[in-house]
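Trainee: I'd like to learn how to read the cavities, pockets, ligand shell and disulfides of a model. Can we go through one together?

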Amino acid sequence: MCRRSQAAAAMALSGVRVLELAGLAPAPLCGMILADFGARVVRVDRPSLSPVASDVQGRGKLSLALDLKRPQGAAALRRLCRGADVLIEPFRHGVMEKLGLGPEVLLQENPSLIYARLTGFGQTGKYAKSAGHDINYLALSGVLSKLGRKDENPYAPVNLLADFAGGGVMCALGIVIALYERATSGRGQIIDASMVEGVAYLSSFLWKSQNVGIWSRPRGENLLDGGAPFYEIYRTSDGKFMAVGALEPQFYEQLIKGLGLDSNELPIQSSFSDWPEMKKKFASIFAQKTQAEWCSIFDGTDACVTPVLSFDDVASHQHNKQRRSFIKNDQGEISPRPAPLLSRTPAVPSCKRDPFIGEHTEEILLENGFTKQEIAKLHSDKIIGFGKPKANL
Ligand SMILES: C[C@H](CCC[C@@H](C)[C@H]1CC[C@H]2[C@@H]3[C@H](O)C[C@@H]4C[C@H](O)CC[C@]4(C)[C@H]3C[C@H](O)[C@]12C)C(=O)SCCNC(=O)CCNC(=O)[C@H](O)C(C)(C)COP(=O)(O)OP(=O)(O)OC[C@H]1O[C@@H](n2cnc3c(N)ncnc32)[C@H](O)[C@@H]1OP(=O)(O)O
């Protein structure tokens, strides 16, 4: 299920050389996805006193510690970029240009380089140089205005939507598309991956379904945003939850049956005005049994009712176990197996711990043609760092 060596021979992205400049959350996910699917991903860290990186998504990556603010450091990165397929940079617009590492410089030196710029607001526009985080990008995309309960403020779920879905994953998609195109043109290109636009694009369904009548009511009162009793989360008697998604009439009927109700005695499913009352009714019924009891009623039916699993329970759930959806690394840490599953060349993520900052500096520089003398000089000038695991770590 996971691999113990750096070799990634049979994977879809094997042979792809990626340089990922260390960033906060979205770019590390992007790099981890590429590494999981076989790319050789070198994370470029700032030389640091601590060997432990703040990147918790370093799986399968190598670490090179390089001070980009020093001219020799920037020159070393330029040299590395000449032999790279992809560069991922996660800084706000202007930072790379200030370092002399803008796309016009790097693409001139390596016209086949894919230069991926993953930012919140994109490379142009009024906010291009402004700081921000997931919640801000989500807000500017319009999506945040759709999230939240009736009569409450909009609600930003954990930083999944903009940072990871609209950011890290979209950027990985852009990189794979650019790699595919490069196979015929031989040319690289610049990817301007804005998280605002990434998450807005993900919300295309919301835009394109505005006129079909499912969003005609205020936030929190519609079919899919917490308004409908049959698309809702209910508390069970043991303080856990069940998720209900019984949209289609035939599935709704099974929900009603499982709850011990008779649809002939209930308002019709689509009666908006009855939804608040129906929710109360469903809630009081769900509160009478434990989550396990509800699972034994609904498992194996088409009622579209599933347990809301905690992180403690998810890996041991029978379905997830059967599909081996979660993996354990050499440290015993459990995490999701890369998705999607490819039949011939699936991702085989590394089992090893994440790299220490600068752990592979020498190896990577040697591999890229730097001599031992050059490396010694860069080290004595404090341009690079060699991270060694501490004995007690
Ligand atoms: C909601 C999420 C964010 C979640 C992250 C949290 C998990 C963490 C955020 C704060 C962390 C805590 C904190 O750091 C304190 C503790 C530290 C300790 O080590 C660990 C515990 C901590 C409590 C720690 C715990 C957690 O890690 C945190 C709570 C997001 O939304 S992430 C998405 C953010 N947005 C983007 O990525 C969009 C694009 N980027 C940006 O807009 C900006 O980068 C950003 C994020 C606004 C940050 O701005 P900043 O001014 O810091 O950076 P930039 O303007 O981009 O410039 C980068 C500068 O760094 C220089 N540089 C880069 N690499 C090198 C290098 N190798 N060598 C030398 N220099 C380098 C670069 O030249 C720039 O320098 P200048 O500023 O001089 O131009």
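Mentor: Sure, and let's settle the residue classes before anything else. Ala, Val, Leu, Ile, Met, Phe, Trp, Tyr, Cys and Pro count as nonpolar, Asp, Glu, Lys and Arg as charged, and the others, Gly among them, as polar. Keep in mind that this is a predicted model.

Trainee: Then how many residues of each class are in the lining of the largest cavity?

Mentor: That lining splits into seven nonpolar residues, two polar and one charged. Its members include Phe 230, Tyr 252, Ile 268, Trp 275 and Met 278, along with Gln 269, Ser 271 and Asp 274. The space inside is about 40 Å³, and a search of the whole structure turns up one cavity of 30 Å³ or more.

Trainee: And pockets? How much space lies in the largest pocket?

Mentor: A pocket is an open set of points, while a cavity is one the probe cannot get out of. Here the largest pocket holds about 1,700 Å³. It is lined by 48 residues, with Leu 29, Met 32, Gln 57, Arg 59 and Pro 336 closest to its centre. Elements giving two or more residues to that lining are α1 (26-36), α6 (161-185), α12 (311-314), β10 (326-328) and β11. By class, you'd count 33 nonpolar, five polar and 10 charged residues.

Trainee: Now the ligand. Which residues come nearest?

Mentor: The ligand has 25 residues around it, and Arg 46, Arg 92, Asp 134, Tyr 137 and Asp 163 come nearest. That shell has 12 nonpolar, five polar and eight charged residues.

Trainee: Which side chains have polar atoms facing ligand oxygen or nitrogen, and at what distance?

Mentor: For a polar contact, look for N or O pairs within 3.5 Å. A polar side-chain atom of Arg 92 sits 2.7 Å from a ligand oxygen, and Lys 98 has a side-chain N or O atom 2.9 Å from an oxygen of the ligand. With Tyr 137, a polar side-chain atom lies 2.8 Å from a ligand nitrogen. On its own the ligand has 1,400 Å² of accessible area, and the protein covers 58% of that. Two or more shell residues come from each of α3 (95-98), β5 (114-119) and α5 (134-141).

Trainee: Last one: which cysteines does the disulfide join?

Mentor: A disulfide is a covalent bond between the sulfur atoms of two cysteines. The count here is one, joining Cys 2 to Cys 351 with S to S at 2.0 Å. The torsion about that S-S bond is about 105 degrees, so the disulfide is right-handed. Cys 2 lies in the segment before β1 (17-21) and Cys 351 in the loop between β11 (334-336) and α14 (361-367), so the pair links distant parts of the chain, 349 residues apart.

Methods. Residues numbered from 1 in each chain as written. Predicted model: local features only at pLDDT ≥ 70, side-chain atom pairs only at ≥ 80, totals over all residues. Heavy atoms only, no water. Near = heavy atom within 4 Å. Polar contact = N/O pair within 3.5 Å; in protein donor to acceptor, adjacent residues only side chain to side chain. Areas by Shrake-Rupley, 256 points an atom, 1.4 Å probe, with all protein chains shown as cover. Helix = DSSP H or I, 4+ residues; strand = E, 2+ residues; numbered from the N terminus. 1 Å grid on protein atoms, 1.4 Å probe; cavity = no way out; pocket = protein on both sides within 12 Å on 5 of 7 lines; lining within 4 Å. Points joined across faces, edges and corners; volume = space filled by probe spheres on them. Disulfide = S-S within 2.5 Å.
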